[in-house]
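Please open the model in your viewer and keep a selection box ready, as this tour moves from one selection to the next and says what is found at each stop.

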Amino acid sequence: MTRTSDDSWVRPVTLPYPSLGDNTADADRLESALKKALGTRTVHMDLDLLKQLPLCLREWNYRATAVLFKDPAGNGLLTHLAPPDTTEDLCGLAVDLGTTRVALRIIDLASGTRRGESVCDNPQTALGPDVLTRIHHVEKPGGLNRLNRLIIDGINTQLLVLCTRCGISPEAIHLVAVAGNTAMTHLLLGLNPRWMIREPYIPAVNRPGVFKATELGLTVHPNARVLIFPNVGSYFGGDLVAGILYCDMDQREETAILVDVGTNAEVVLGNRSWMMACAGAAGPALEGGVTPMGTTAGPGVIDRIAIDPDSLNLDIHTIDDQPPRGICGSGVIDLAAGLFRSAMIDIRGKLLPERCADRWSMKDGMAHLTIVPADQSATGKALCITQADLDSLIRSKAAMYTILETITDSVGMQPQDLERFFVAGTFGAYIDPASAIAIGMIPDLPLQRYHSLGNSSLGGAARVLEDPACFDRINQIRDGITYLELNVNLDFMNRFSAAKFLPHTDNSRFPSVRSPVDR
């Protein structure tokens, strides 16, 4: 069933027949109706559509189904014209352009329903696992073009697979919305990101806007339009703008916070009246990068661990219940919380050999704790965490809490004042807030205040395709953000030092966390 109201980019149009008394041109006649439908001053039509227009309107008795969009200035765009009562697939594509993974979602533009979704590795990882490595690769001859072709070809390949699964042609895609960090969107557009990582850290563009798909090389409908979410400078990308749109922070009366942990920990605090944002280097360790056995979430990866404080037995859960091959960020946090609750580490995060018993060992002068013995792991090697790994986790969790404390303090709030705490990304999908609170990584709030958003970047990109009203909110969100620079914050390091204990040097901040000594 197709939608015919204002909540869809697909609109039915019925035009008055031309006559000697009304000899308005076909394009003007159609534009007049579409301007009224979209509420815009103009509606642009490509030459390809104009060539088809006279014959189509007469064959269809001056009735049609229009697929519409907007440009950044708020003008209307006609991207496709189909017969009235068409059974044609009219779809949109939402893209989360992640550094490590790329997610695609196909939306039925008429009904707003989800047709299919897929996730693949970002093919640019072949040239560099992180943003910095890829930006440095741009310096090599042909480097920018290689990175650009990898991501364009990767999206096209994955889209063909997804379309086949959904039973549609890639040419059924008429609108595309892409959300990613600033560097990833630059590489998608073939823009040089070199100056993003050099003072004064300037991107080539903050508001990429709307492009024809053919300009980018995407194999969708030739007249399809591609929206690239805007960024706020080099370190706050369109993926966060999409996340704000997805959780409706810009519509809320109460103040909420959104945390997205990826390459960095990126944080937005605000409501419908104001928004403050910042980013800090807490991400890799909290994604599992704290330990050599760390990895991103996937089959066989440990995502949850519980430790019995009396028997000290470990209850380990892996994704898809496969034999353990590594551990992701949520598993690391569960592990640290369990070790602390069972007094296997002290308040500094130091392993206590007498409590760790047979799991503890010393190798190459470094204390190790065996999590999974070699004969139980998928790799055939023991999965261990070292004292250095735990020290790195303590620094990462301290950075995360300090970022939250600093951004709330900047607006005269305390972390405990937060009414709603959104956690985004794969990290947010798996994290147990109780464990993160136990190690002092996030505020000690009632658990019902925490909400996992999943992939908010993909969700925000999809919302623009599902609801035209969201289009105008994107730039309003972008313009409403004030960026807080942590590097020049004088209190940050003092707060960071205080947070490098479990759960904190000021335990009154974490009343629900009982120390092993209390127990």
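Begin by selecting Asp303 and Arg304, whose side chains meet in a salt bridge, the N to O distance being 3.8 Å; a salt bridge here is a side-chain nitrogen of Lys or Arg within 4 Å of a carboxyl oxygen of Asp or Glu. Asp303 counts as buried because its relative accessibility is 3%, whereas Arg304, at 41%, counts as partly exposed; buried means under 20% relative accessible area, exposed over 50%, and partly exposed in between, with a 1.4 Å probe and protein chains only.

Before going further, note that this is a predicted model, in which local features need pLDDT of at least 70 and side-chain atom pairs count only at pLDDT 80 or more, while totals for chains, interfaces and linings use all residues. Residues are numbered from 1 along each chain as its sequence is written, and side-chain values use heavy atoms, with hydrogens and water left out.

**Salt bridges**

By the rule given above, the count comes to 29 salt bridges. For another of these, select Arg272 and Glu253, whose side chains meet at 3.0 Å, N to O. This pair links distant parts of the chain, 19 residues apart, with Arg272 in the loop between β12 (265–270) and β13 (275–280) and Glu253 in the loop between α7 (238–247) and β11 (256–261); helices (H or I, at least four residues) and strands (E, at least two) are DSSP runs, numbered from the N terminus. Are Arg272 and Glu253 buried or exposed? Arg272 counts as exposed because its relative accessibility is 51%, and Glu253 is exposed as well, with a relative accessible area of 60%. Side chains of opposite charge can pair when their charged atoms come close.

Now select Glu405, Asp409, Arg495, Asp506 and Arg509 together, as these residues are linked in a network of salt bridges. Within the network, Arg509 forms a salt bridge with Asp506, the closest N and O atoms being 3.4 Å apart, and Asp506 is partly exposed, with a relative accessible area of 31%. Glu405, in contrast, is buried, with a relative accessible area of 8%. If residues up to four places away in sequence are not counted, Glu405 touches Pro415, Arg495 and Arg509, a contact being heavy atoms within 4.5 Å.

**Helix α11 and the sheet it crosses**

Glu405 is found in helix α11 (residues 387–409), so that helix is the natural next selection. Its 23 residues reach 32 Å from the first C-alpha to the last, close to the 33 Å expected at 1.5 Å a residue, where the expected span is 1.5 Å times one less than the number of residues. Helix α11 is mostly covered, since 19 of its 23 residues are buried.

Add the strands β17, β18 and β19, which form an open sheet in that order with antiparallel pairing; two strands pair if DSSP finds at least two bridges between them. The edge strands, each pairing on one side only, are β17 (360–363) and β19 (383–386). Strand β17 pairs with β18 (residues 366–372) over four bridges, and Met362 stands opposite Ala367 in β18. Helix α11 lies across β18 and β19, running at about 65° to β19; axes are lines fitted to C-alpha atoms, for helices over the stretch in contact, and angles run from 0 to 180 degrees between N-to-C directions.

In β19, select Thr386, which is buried, with a relative accessible area of 12%. Leaving aside neighbours within four places in sequence, Thr386 is in contact with Met366, Ala367 and His368.

**The nonpolar cores**

Which residues have the most contacts inside the largest nonpolar core? They are Val267, Ile371, Phe421 and Met441, in a core of 64 residues; a nonpolar core is a set of buried Ala, Val, Leu, Ile, Met, Phe, Trp, Tyr and Cys residues joined through side-chain atoms within 4.5 Å. The largest share of this core, ten residues, comes from α11. A second, separate core of 62 residues includes Leu38, Leu57, Phe69 and Ile477.

**Last stop: helix α9**

Finally, select helix α9 (residues 329–341), whose 13 residues should span 18 Å at 1.5 Å a residue, in agreement with the 18 Å between its end C-alpha atoms. Twelve of the 13 residues of α9 are buried, among them Ile333, Leu335 and Phe340. The helix is followed by Ala343, whose phi is positive, near 60°.
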